Amino acid sequence: IDIVIEKSAKVVHGLIAKGRKPAKLLAAINVNQNENSQYSLNSFQEGWNLSRIEQHIKQTKGNAKTTVKGLQISDEDNQLATYSFIRFDGPGGHLDQLQKSISDNKSHSIFKGLIEVPQIAQQTQASQLSKNLLLSSKSKIDTSPQLKIIADDVKCNHGATISQLEKEELFYLQSRGINKKQANELIVNGFCKDIIDTI
């Protein structure tokens, strides 16, 4: 998918990629944003035996806004990957990125994100967060949010969390009369809700 967003234009983009074994998915999204433009990407992937979605987003002149939210749910022996490359080639750019993954059974989930802020991209504000949930001791999650900053007048942050279902949360729900399976589903649904709602 190739998208060019002209000056002051707005694009809201949704990508739902649902597959099933033994299907594989290799996809790339290339976006060039001009000044004062807005781009929003909301993506979901699930079920592929192997998938890799690459996001290449460039703010060509700055003063643009980018929002990226993604969710991948892997099960059985799926391997789902998201590779994100976002570059600011002008000042005053803004990015808000949230990537979530859920892995169960023997599946493997991967996120690699890179934000580049060269010298010309002063006053950039960028946030990249990867939140992940392991549902099995045999599943695996690799996450690597990265910043490459040359400019000195910026506000940029990144972070990653990997957790399992919290026993205290399960106990709280079960103490209110909810069985264990329903409690698990409620917690997982709550984890996904902010991404699903945008799609």
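**The even-numbered sheet**

I started with the sheet made of six strands in the order β2-β4-β6-β8-β10-β12, which is open and paired in parallel. Strands here are DSSP runs of E with at least two residues, helices are runs of H or I with at least four, and both are numbered from the N terminus. Two strands pair if DSSP finds at least two bridges between them. I noted β2 and β12 (155-164) as the edge strands, each pairing on one side only. Neighbouring strands in this sheet are turned by 5 degrees against each other on average, with direction ignored; the axes behind such angles are lines fitted to C-alpha atoms, for helices over the stretch in contact, and the angles run from 0 to 180 degrees between N-to-C directions.

A reminder to myself: this is a predicted model, where local features need pLDDT of at least 70 and side-chain atom pairs count only at pLDDT 80 or more, while totals for chains, interfaces and linings use all residues. Residues are numbered from 1 along each chain as its sequence is written, and side-chain values use heavy atoms, with hydrogens and water left out.

Next I followed β10 (residues 125-134) to both sides. With β12, β10 pairs in the parallel sense over 10 bridges. On that side I found Ser-127 with Asn-157 of β12 as its bridge partner, and Lys-131 opposite Thr-161 in β12. On the other side, 10 bridges join β8 to β10, running parallel, and Ser-103 has Leu-134 of β10 as its bridge partner.

What lies across this sheet? I found helix α2 (residues 180-198) across β4, β6 (65-74), β8 (94-103) and β10, and α2 runs at about 140 degrees to β8.

**The odd-numbered sheet**

I then looked at the other set of six strands, an open parallel sheet in the order β1-β3-β5-β7-β9-β11. β1 and β11 (140-149) stand at its edges with a single partner strand each, so one side of each has no neighbour in the sheet. The average turn between neighbouring strands is 5 degrees here, direction ignored. I counted 10 bridges joining β9 to β11, which run parallel, and Ile-115 stands opposite Leu-147 in β11.

**Two residues of β9**

Is Ser-109 buried or exposed? Ser-109 lies in β9 (residues 108-117) and counts as buried because its relative accessibility is 1%. For the cut-offs, buried is under 20% relative accessible area, exposed is over 50% and partly exposed is in between (1.4 Å probe, protein chains only). Beyond four places in sequence, Ser-109 is in contact with Gln-72, Ser-74, Leu-80, Ser-101, Ser-103, Lys-140, Ile-141 and Asp-142; contact means heavy atoms within 4.5 Å.

Leu-114 lies in β9 too. I listed what Leu-114 touches, leaving out residues up to four places away: Ser-84, Phe-85, Ile-86, Gln-128, Gln-146 and Lys-148. Arg-87 is 27 residues from Leu-114 in sequence, and their C-alpha atoms are 8.3 Å apart.

**Cores**

A nonpolar core is a set of buried Ala, Val, Leu, Ile, Met, Phe, Trp, Tyr and Cys residues joined through side-chain atoms within 4.5 Å. The largest one has 23 residues, and Ile-29, Val-31, Tyr-39, Phe-88, Leu-95 and Val-117 touch the most other members. Elements giving two or more residues to this core are β1 (2-5), β2 (10-18), β3 (24-33), β4 (38-46), β5 (50-59), β7 (79-88) and β9. Apart from this core lies another, of nine residues, among them Phe-44, Leu-71, Leu-133 and Val-188.

I checked Tyr-39 as well: beyond four places in sequence, its contacts include Ile-3, Ile-5, Val-11, His-13, Ile-29 and Val-31.

**Charges over rings**

I looked for positive side chains over rings, meaning NZ of Lys or CZ of Arg within 6 Å of the ring centre and within 35 degrees of the ring normal. Arg-52 lies over the face of Tyr-83 at 3.7 Å from the ring centre, and Lys-100 over that of Phe-191 at 4.6 Å.

**Backbone oddities**

Most residues other than glycine have a negative phi, and most peptide bonds are trans. I noted the bond from Lys-21 to Pro-22 as cis, with omega near 0 degrees; Pro-22 is in the loop between β2 and β3. Ser-8 has a positive phi, near 65 degrees, in the loop between β1 and β2. Asn-105 has one near 55 degrees, in the loop between β8 and β9, and counts as partly exposed because its relative accessibility is 38%.
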